[in-house]
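Here is a set of short exercises to work through with the model open beside you. Try each task on your own before reading its solution.

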Amino acid sequence: MKPWTRNEFCEHVYNVARQTMRGLRTEPTTERVIYLPHWWTKSEIRVFSEASVPRRTVDLIVDAIAERTREVLPALKFDFRLLGNHESSARQVAASLVNGEIDEMKLFSLALSENWRDESRGGRQHGDIYITTKPPIGDAVSWAASTFQHGAMLFCLTGDRVNSREFLRKVTLHETGHLMGQYSHCDEYKNVAGFTYTEACNMHYACTYAELCKKCRTHFLWWWRGVLDEVEAQSAGT
Ligand SMILES: [Zn+2]
Ligand SMILES: [Zn+2]
């Protein structure tokens with residue numbers, strides 16, 4: 001692949017962010033509605049966890065999400081609401097099951113379109129974290145998934161995963177990177193001028209490390225510039 005200049009890279013990320021905020025990168029729901037990713041605007045994240053997930057695992061996940069969101073965008077200061085196995089989330093997870101496995105895109109689509117996020121239906125914008133012990137659909141390897149478009153994160157902590165604290169922390173930091181706008185993995189943009197490519201970045205698929213490389217930090221910076229500029233442009237009616 002041809003190398004990117006630093007400017008091309010930043011501009012690309014910025015443009016994808018603006019397109020995302022216009023709904024151009026989100027699949028419509030079955031009712032053909034496109035919900036815009038405004039989940040972060042009230043700085044609230046709701047955390048659901050099945051009864052079989054120990055409290056200390058929930059705390060570890062919340063701490064790691066708080067750490068990375070603070071690092072990426074200090075201005076947001078998310079407020080986390082721990083709701084346990086609330087029946088609203090239990091129902092959404094149940095509706096996303098295929099033979100006992102979670103279809104994460106189904107679940108994320110339900111989260112994005114739920115009434116609880118919609119102010120015109122008595123809701124309030126927020127992100128949703130689902131911590132389960134169920135397996136992901138057709139995939140024995142994945143621990144978790146997340147997207148900015150949906151403002152949602154799913155953990156599939158089967159077997160002894162709830163106790164793998166060190167790795168679970170890195171997985172959570174990584175998924176928070178996706179939640180906060182990094183739509184790719186670090187190795188998909190290996191060739192950007194001015195950034196030394198390193199394996200030691202949390203945004204690699206394998207997330208063996210906790211730290212972010214300089215290129216991924218730059219990705220977040222331009223992502224949020226694009227998001228905030230687009231929101232401002234929309235509210236100004238341009
Ligand atoms: Zn990186
Ligand atoms: Zn990833």
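## Exercise 1: A histidine and its partners

H178 is in contact with S146, T147 and F148, once its neighbours within four places in sequence are left aside. Keep in mind that this is a predicted model.

**Task.** In which helix is H178 found, and is H178 buried, exposed or partly exposed?

**Solution.**
- Step 1. Find the element: H178 is found in helix α5.
- Step 2. Use the neighbour count: H178 has 19 C-beta neighbours inside 10 Å, so H178 counts as partly exposed. The cut-off for buried is 20 or more.
- Step 3. Look at one of the partners: T147 is 31 residues from H178 in sequence, and their C-alpha atoms are 5.4 Å apart in space.

## Exercise 2: How α2 meets α5

**Task.** Work out how the axes of helix α2 (residues 55–72) and helix α5 (residues 165–179) are placed, and which residues make the contact.

**Solution.**
- Step 1. Start with distance and angle: the two axes come within 9 Å and cross at roughly 40 degrees.
- Step 2. Name the arrangement: because of that angle, α2 is oblique to α5.
- Step 3. Add the handedness: the crossing of α2 past α5 is right-handed.
- Step 4. List the residues: α2 brings L60, I61, A64, I65, R68 and T69, while α5 brings R165, L168, R169, T172, L173, T176 and G177.
- Step 5. Sort them by class: this contact of α2 with α5 has six nonpolar, four polar and three charged residues.

## Exercise 3: How α3 meets α4

**Task.** Do the same for helix α3 (residues 87–95) and helix α4 (residues 104–113): at roughly what angle do their axes cross?

**Solution.**
- Step 1. The axes cross at roughly 140 degrees and come within 8 Å.
- Step 2. An angle over 145 degrees would count as roughly antiparallel. At roughly 140 degrees, α3 is therefore oblique to α4.
- Step 3. Here, α3 passes α4 in a right-handed crossing.
- Step 4. Q92, V93 and A95 of α3 make the contact with L107, L110 and A111 of α4.
- Step 5. By class, the contact of α3 with α4 holds five nonpolar residues, one polar and no charged ones.

**Follow-up.** Which residues of α4 are buried, and what do they pack against?

**Solution.**
- Step 1. The buried residues of α4 are E104, L107, F108, S109, A111 and L112.
- Step 2. These buried residues pack against α3, along with the strands β4 (101–102), β5 (127–132), β6 (144–147) and β7 (152–156).

## Exercise 4: How α1 meets α6

**Task.** Describe the meeting of helix α1 (residues 6–21) with α6.

**Solution.**
- Step 1. The axes of α1 and α6 come within 7 Å and cross at roughly 40 degrees.
- Step 2. The two helices, α1 and α6, are therefore oblique to each other.
- Step 3. The crossing of α1 past α6 is right-handed.
- Step 4. From α1, the contact uses C10, V13, Y14, N15, A17, R18 and M21; from α6, it uses T218, H219, W222, W223, R225, G226, V227, D229, E230 and V231.
- Step 5. The residues of the contact of α1 with α6 divide into nine nonpolar, four polar and four charged.

## Exercise 5: Inside the core

**Task.** Which residues touch the most other members of the largest nonpolar core?

**Solution.**
- Step 1. This core has 51 residues, and those that touch the most other members are Y130, I131, A144, L154 and F155.
- Step 2. Take A144 from that group. Apart from neighbours within four places in sequence, A144 is in contact with M153, L154, F155, C156, V171 and E175.

## Exercise 6: Out in the loops

**Task.** Are R32, K77 and T196 buried or exposed?

**Solution.**
- Step 1. R32 is found in the loop between α1 and β1 (44–49). R32 has 6 C-beta neighbours inside 10 Å, so R32 counts as exposed.
- Step 2. K77 lies in the loop between α2 and β2 (79–84). With 10 C-beta neighbours inside 10 Å, K77 counts as exposed.
- Step 3. T196 sits in the loop between α5 and α6 (214–235). T196 is exposed, because 8 other C-beta atoms are within 10 Å.
- Step 4. Check the backbone too: phi is near 65 degrees for R32, a positive value in a residue other than glycine. For K77, phi is near 45 degrees, a positive value in a residue other than glycine.

Key: Residues numbered from 1 in each chain as written. Chains lettered and ligands numbered in written order. Predicted model: local features only at pLDDT ≥ 70, side-chain atom pairs only at ≥ 80, totals over all residues. Axes fitted to C-alpha atoms, helices over the stretch in contact; angles between N-to-C directions. Helix = DSSP H or I, 4+ residues; strand = E, 2+ residues; numbered from the N terminus. Parallel < 35°, antiparallel > 145°, perpendicular 65-115°, else oblique. Left-handed = near helix turned anticlockwise from the far one by under 90°. Contact = placed C-beta atoms within 7 Å. Nonpolar A, V, L, I, M, F, W, Y, C, P; charged D, E, K, R; others polar. Core = buried A, V, L, I, M, F, W, Y, C linked by C-beta atoms within 7 Å. Buried ≥ 20, exposed ≤ 12 C-beta atoms within 10 Å, placed from the backbone.
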